[in-house]
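Student: I have a structure open and would like to learn how to read it feature by feature. Can we start with the pockets and work through to the sheets?

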Amino acid sequence: GVQTCALPICVYRTISRKKNLFIQAPTGAGKTISTVFPAVKAVGEDLADKIFYLTAKTITGTVAREAFELLRKNGYQAKVLTITAKEKLCLCEEMECNPVNCPYAKGHYDRVNDAVFSLLQKEDMITREVILEQAKEYNVCPFEMCLDTATWVDDIICDYNYVFDPNVYLKRFFADGTTGDYIFLVDEAHNLVERSREMYSAIIYKEDFLLAKKILKKCGQAKLMRELEKCNRVLLSYKRDCEKYVIYESIGNFAFELMNVASDLDEFLQKAPEFPERKDLSEFYLNLRNFLNIYELLDDHYVVYAEHEQDGRFKLKLYCVDPSKNLQERINKGNATIFFSATLLPVGYYKSLLSTETDNYAVYAKTAFREEQKLLLLGNDVSSKYTRRSAGEFERIASYVKKTTDAKKGNYMVFFPSYKMMQQVYEVFQELDGGNVEAIIQEPGMNEEKREAFLAEFSAEREKTLIAFCVMGGIFGEGIDLKKEQLIGAVIVGTGLPQISNEREILMDYYEKRMGEGFDYAYRYPGMNKVLQAAGRVIRTIDDVGVIELLDERFLQSDYRNLFPKEWEKRLVCTVDSVDSYLEKFWKEKQ
């Protein structure tokens, strides 16, 4: 069951018993230091010898570094390495990893040992900047040097991929047959569900086979062309049978054809001299290799299906619906794994998807926050259901936003289920407001610069109220830290349900058959996670105060209410007509 206890003690006990632990720790529970400290203590007592701190996003790595830094200031002696993606470390214009094109690759092995040795002599906190500087000085490949350094350090901060992804994982620690006394600390663990589904799935496109065939025609490779044509014919027959999507029980014969292509292609690429489209062909080959590697993993945790993509391409996918078995094989490479997140509700859902062990521990960390820091309102006269999306509905949502932001000057975020709905309400709001507030809106595919500019608005001095219109589950929906005055309210429109797609339907059927919880697994739980994440932006420290509004009548149903965290016990139900009186009372008490 789920216990409540002092976090560091739970973590330490889990490690000493070589178990796994799931921690639901609300913001402000200090979950990073509460997991890092006991892990460090365990290593000091020889219960393990390396800590991997795993993150889904670069930004959470910074928090982990700060935690290790804090311990080092207090006398902890250790080497801490951050592994960054190859693309972000490459010093060349184009990433071509061979001695011909890359001056760092040429003679790399002659110099790399000295580079690593000297780096370890002079640095304890080995960041991206430190790696790049050292690589330039010694004229070696930064990424390869970084991996070599990993062998000698105590703590590694890196993306989930380096432990879990079958294509990227660090062979030196996790190759077949190797295990070690590792501790895995998995931060923002709710992200690992979708991320691991991606890692253990694979896709091939019919169109790519035709492209590869074209390239090989120019190279005069008749035998390979025939093999590709065979595969193309199989995919063509799949395509003809496919209306919406088709699920296949077995693709054994086809897989055999693919193996032939892969081995002949491999041979050709090794012997062939340079030719113009070599890069495209290599990419096709690597993707095929990956597809066959994943094919080896096929079992009843997978669904094999084909569908037409929106851009007209036809794909065949090995879809890892339930990643727990594949993840467990990685978890078994170490001594203990700690999964933690501010949103691991319901914990049974995450336990069943992230691990196959039945004796995992789970704890619910107490929050340091007080009830009166926030006002939680449920609006019961709004719905984001597709069938209800109308001008009247948008006007009601816009007036909620206006009344909420009129009640007190400050910075607010409003979260929507989709870009389209966000845009629709934004336009209605602009008319309603008449330019009294400053409104900014999230754009699809914002780069690093635009993102930072968007977040910088929350720290800027301003006379007016600021309202940021955002998308739930997007880049501003989680992992950003806006303290105190930077954010005093969040309005959340809808229950965050993922959009309907063939893949979601396949997921739903799979879990419906197995446990009778299809809708929950495919839609409700992932959706609620986005809602909890968005709401978690508001109260970040014990001095924060703010308002959280959940606008959707569905939040009043027990199916959703049962997923509320303990901190949401105290809540009020309102309508667009009564919302102002609740807000006025709340802000008056705070003066």
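Tutor: Sure. Before we talk about what lines a pocket, here are the terms: a pocket is an open set of grid points with protein on both sides within 12 Å along at least five of seven lines, and lining residues have an atom within 4 Å of a point. Keep in mind that this is a predicted model.

Student: Which element gives the largest share of the lining of the second largest pocket?

Tutor: That's α10, with five residues. The pocket itself has a volume of about 870 Å³. It is lined by 27 residues, and the closest to its centre are Glu 194, Pro 498, Arg 504, Pro 526 and Lys 530. Besides α10, the elements that give two or more residues to this lining are β11, α16 (347–354), α20 (502–515) and α21 (518–535).

Student: How does the lining of the second largest pocket divide by class?

Tutor: Nine residues are nonpolar, eight are polar and 10 are charged.

Student: Let's stay with α10. Is Ser 196 buried or exposed?

Tutor: The cut-off you need is that buried means under 20% relative accessible area. Ser 196 has 0% relative accessibility, so it counts as buried. This serine lies in helix α10, which covers residues 192–199. Once you set aside its neighbours within four places in sequence, Ser 196 is in contact with Pro 323 and Leu 327.

Student: What about closed spaces? How do I think about a cavity?

Tutor: Rolling a probe the size of a water molecule over the atoms shows where empty space is left. In this model there is one cavity of 30 Å³ or more. The largest cavity has a volume of about 40 Å³. Its lining is made up of Ala 56, Lys 57, Ile 59, Thr 60, Glu 188, Asn 191, Glu 478 and Gly 479. By class, that lining has two nonpolar, three polar and three charged residues.

Student: On to strands. Why is strand β10 described as largely enclosed by the rest of the structure?

Tutor: A general point to carry along: in a regular strand the side chains alternate between the two faces of the sheet. As for β10 (residues 302–308), six of its seven residues are buried, so the strand is largely enclosed by the rest of the structure.

Student: Which strands does β10 pair with?

Tutor: Strand β9 (residues 245–248) is joined to β10 by four bridges, and the two run antiparallel. There, Val 246 has Ala 306 as its bridge partner. β10 also pairs with strand β11 (residues 314–320), over seven bridges and again in the antiparallel sense. In that pairing, Val 304 stands opposite Leu 318. β10 and β11 form a hairpin with five residues between them, and Gly 312 in the turn has a positive phi of about 95 degrees.

Student: And what is the strand order in the open sheet of seven strands?

Tutor: Read across, the order is β16-β17-β15-β18-β19-β14-β20, with parallel pairing. At the edges you find β16 (438–441) and β20 (572–574), each pairing on one side only. From one strand to the next, the twist averages 20 degrees.

Student: How many bridges join β14 to β19?

Tutor: Six, between β14 (residues 374–379) and β19 (residues 546–551), which run parallel. Look for Leu 377, which stands opposite Glu 549 in β19.

Student: Which strands does helix α18 lie across?

Tutor: Helix α18 (residues 419–433) lies across β15 (411–416), β16, β17 (466–471) and β18 (489–493). The helix runs at about 155 degrees to β17.

Key: Residues are numbered from 1 along each chain as its sequence is written. This is a predicted model: local features need pLDDT of at least 70, side-chain atom pairs count only at pLDDT 80 or more; totals for chains, interfaces and linings use all residues. Side-chain values use heavy atoms; hydrogens and water are left out. Buried means under 20% relative accessible area, exposed over 50%, partly exposed in between (1.4 Å probe, protein chains only). Two strands pair if DSSP finds at least two bridges between them. Contact means heavy atoms within 4.5 Å. On a 1 Å grid over the protein atoms alone, a cavity is a set of points where a 1.4 Å probe fits but cannot get out, and a pocket is an open set with protein on both sides within 12 Å along at least five of seven lines; lining residues have an atom within 4 Å of a point. Grid points are joined across faces, edges and corners, and a volume is the space filled by probe spheres set on the points. Ala, Val, Leu, Ile, Met, Phe, Trp, Tyr, Cys and Pro count as nonpolar, Asp, Glu, Lys and Arg as charged, and the others, Gly among them, as polar. Axes are lines fitted to C-alpha atoms, for helices over the stretch in contact, and angles run from 0 to 180 degrees between N-to-C directions.
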